[in-house]
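Work through these exercises with the structure in view. Try each task before reading its solution.

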Amino acid sequence: MAKIRLFILILAVFGSSTLSANEGAAPVDGASAAAPTDSLAVTLLVGRSIVVDVATPITRVSLTSADVADALVTSPSQLLVHGKLPGSISMFVWNHEGTIQRYEITVQRDLERLRTDVKHLFPGEPIEVQGNGKFVVISGKVSSKDVIEKAANLALGFVDKKEEVLTLLQVDPNIRTDQVLLRVRFAEVSRAAMTDLGLSLFTSPTGINNTVGRVTTQQFGAPGFSDLQWTKADSKFGSDVTSAEGKFAFSDFLNFFLLSEKYDLGLAIKALQSRGLFQSLAEPNLVAQSGKEASFLAGGEFPVPIAQGSGTSMAITVQFKEFGIRLNFTPVVNGDRVQLKVRPEVSTLDFGNAVTLNGFRIPALSTRRTETELELMDGQTFAIAGLMNNTLNSTMQKIPGIGDIPILGQLFRSKAAQKNQTELVVMITPQILRSNSPGVTNQLPRLPEPFLPALPANRTIDPPPPAFLLK
């Protein structure tokens with residue numbers, strides 16, 4: 001009994017080593033080799049094994065490709081064949097008399113589970129699943145493009161590479177799918193409040209004791225002087241002024257203006273408070289097929305420099321980022337209801353938080369974005385509100401030194417404050433367009449009147465003959 005086990009072990013080691021060293025090779029001893037008999041078919045699945053009974057003692061085994069399948073001698077007359085990759089190869093088995101038996105081994109994928117999943121996930125869709133070597137072929141005529149994409153994605157889980165799935169699915173031309181018209185209203189309500197406060201002191205054009213002066217922070221327009229003339233008693237330094245004249249030049253009287261002709265002293269004050277309400281609308285209307293995504297953008301793109309490499313080999317490339325009013329939505333029609341996935345977004349350039357890089361000023365983006373999924377009836381409207389944006393800008397200018405004096409320094413300062421509050425409101429209304437619908441409208445735009453009417457036939461003549469005749 002021990003001798004028999006030793007003999008089987010020797011055959012197993014011998015067969016295994018011969019397989020790896022002589023794949024696809026012909027018998028070495030041509031005198032003892034015999035022509036292969038009729039081939040036998042062996043079919044198995046990837047990852048599965050099968051026992052092949054040769055019925056005669058095995059001396060050597062050779063396969064044309066060990067990547068598709070391999071074989072192991074388990075007894076003097078039996079082989080264990082294991083499937084590794086989809087494909088077809090040949091296996092040759094020699095016995096002790098030199099006779100060769102050929103086996104055609106076909107390794108296939110286990111597509112039964114894929115067929116079961118397709119029938120369960122796509123009921124009523126005539127989808128066929130077949131195997132062709134290492135490829136998985138899905139074919140048939142389905143109801144929509146969405147089914148084609150989902151069936152192809154399902155088949156990807158049963159292959160190693162995306163290229164191994166061959167999609168031959170087609171949309172049945174006799175089946176029409178519903179579409180969704182999405183009416184969107186973007187309303188941006190902006191409330192603004194502004195406060196200005198400033199003061200300017202000045203003398204008359206003739207001055208006080210022959211001295212003309214003005215104090216202003218230059219944040220707001222202040223009176224100026226023009227056509228100043230004066231005469232003196234003589235040409236000596238510091239001699240008395242005998243006459244003086246001049247004019248005021250006003251760019252803005254501001255809010256309060258006061259001038260004392262007796263004391264030649266004037267005062268101009270600007271104290272202004274204003275409020276405003278502004279509303280801007282964007283009203284895109286988009287049509288999308290059920291299950292497909294549609295997008296809308298009303299805005300622009302700004303360049304962003306990007307450094308690539310380092311040192312002397314550094315290069316600057318430019319990429320463009322989008323900003324503005326954007327809307328992405330995906331509708332799915334379910335009877336008279338619409339399952340809607342929407343993502344509205346409003347973004348503006350923010351130069352207050354800009355970044356300067358190598359001379360480039362890159363603005364930041366102020367973005368308001370929301371994303372939600374909901375279900376609406378045909379023609380039902382829902383609104384997204386409460387997307388607030390509050391900004392406050394305050395500016396103060398003063399005369400150094402004098403403007404820092406308590407109480408008195410208030411006369412030498414000017415302030416400006418502006419507060420903005422913006423609220424974004426998005427109203428969305430889906431409308432189902434059935435397969436027999438005429439569309440959004442059955443009226444096309446009218447054609448404009450032609451610039452010149454066509455000439456009547458009695459006012460035209462035949463064209464002249466060609467100057468050169470071709471032979």
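**Exercise 1.** How many bridges join strand S6 to strand S7, and do the two run parallel or antiparallel?

*Solution.* Bear in mind that this is a predicted model. Start with the ranges: S6 covers residues 87–95 and S7 covers residues 100–108. Eight bridges join them, and they run antiparallel. For one position, take Phe-92: it stands opposite Arg-102 in S7.

**Exercise 2.** Place S6 and S7 in their sheet, then find the edge strands.

*Solution.* Write down the order: S1-S7-S6-S3. These four strands form an open sheet with mixed pairing. Next, look for strands that pair on one side only: they are S1 (40–45) and S3 (58–63), the edge strands. From one strand to the next, the twist averages 25°.

**Exercise 3.** Describe the sheet that contains S9, and the helix lying across S9 and S10.

*Solution.* Three strands make an open sheet in the order S8-S9-S10, and the pairing is mixed. S8 (128–132) and S10 (165–171) are its edge strands. Here the twist averages 15° between one strand and the next. Now take S9 (residues 135–142): seven bridges join S9 to S10, and the two run parallel. Val-136 has Val-165 in S10 as its bridge partner. Last, helix H3 (residues 145–156) lies across both strands, at about 165° to S10.

**Exercise 4.** Is Thr-203 buried or exposed?

*Solution.* Locate Thr-203 in strand S11 (residues 179–203). Its relative accessible area is 10%. Buried means under 20%, so Thr-203 is buried. Then check its surroundings: Thr-203 touches residues including Ile-208, Phe-225 and Phe-248. A polar atom of the Thr-203 side chain lies 3.0 Å from the backbone nitrogen of Gly-213.

Methods
Residues are numbered from 1 along each chain as its sequence is written. This is a predicted model: local features need pLDDT of at least 70, side-chain atom pairs count only at pLDDT 80 or more; totals for chains, interfaces and linings use all residues. Side-chain values use heavy atoms; hydrogens and water are left out. Two strands pair if DSSP finds at least two bridges between them. Axes are lines fitted to C-alpha atoms, for helices over the stretch in contact, and angles run from 0 to 180 degrees between N-to-C directions. Buried means under 20% relative accessible area, exposed over 50%, partly exposed in between (1.4 Å probe, protein chains only). A polar contact is a pair of N or O atoms within 3.5 Å; within protein, one must be able to donate a hydrogen and the other to accept it, and residues adjacent in sequence count only if both atoms are side-chain atoms. Contact means heavy atoms within 4.5 Å. Lists of a residue's contacts leave out its neighbours within four places in sequence.
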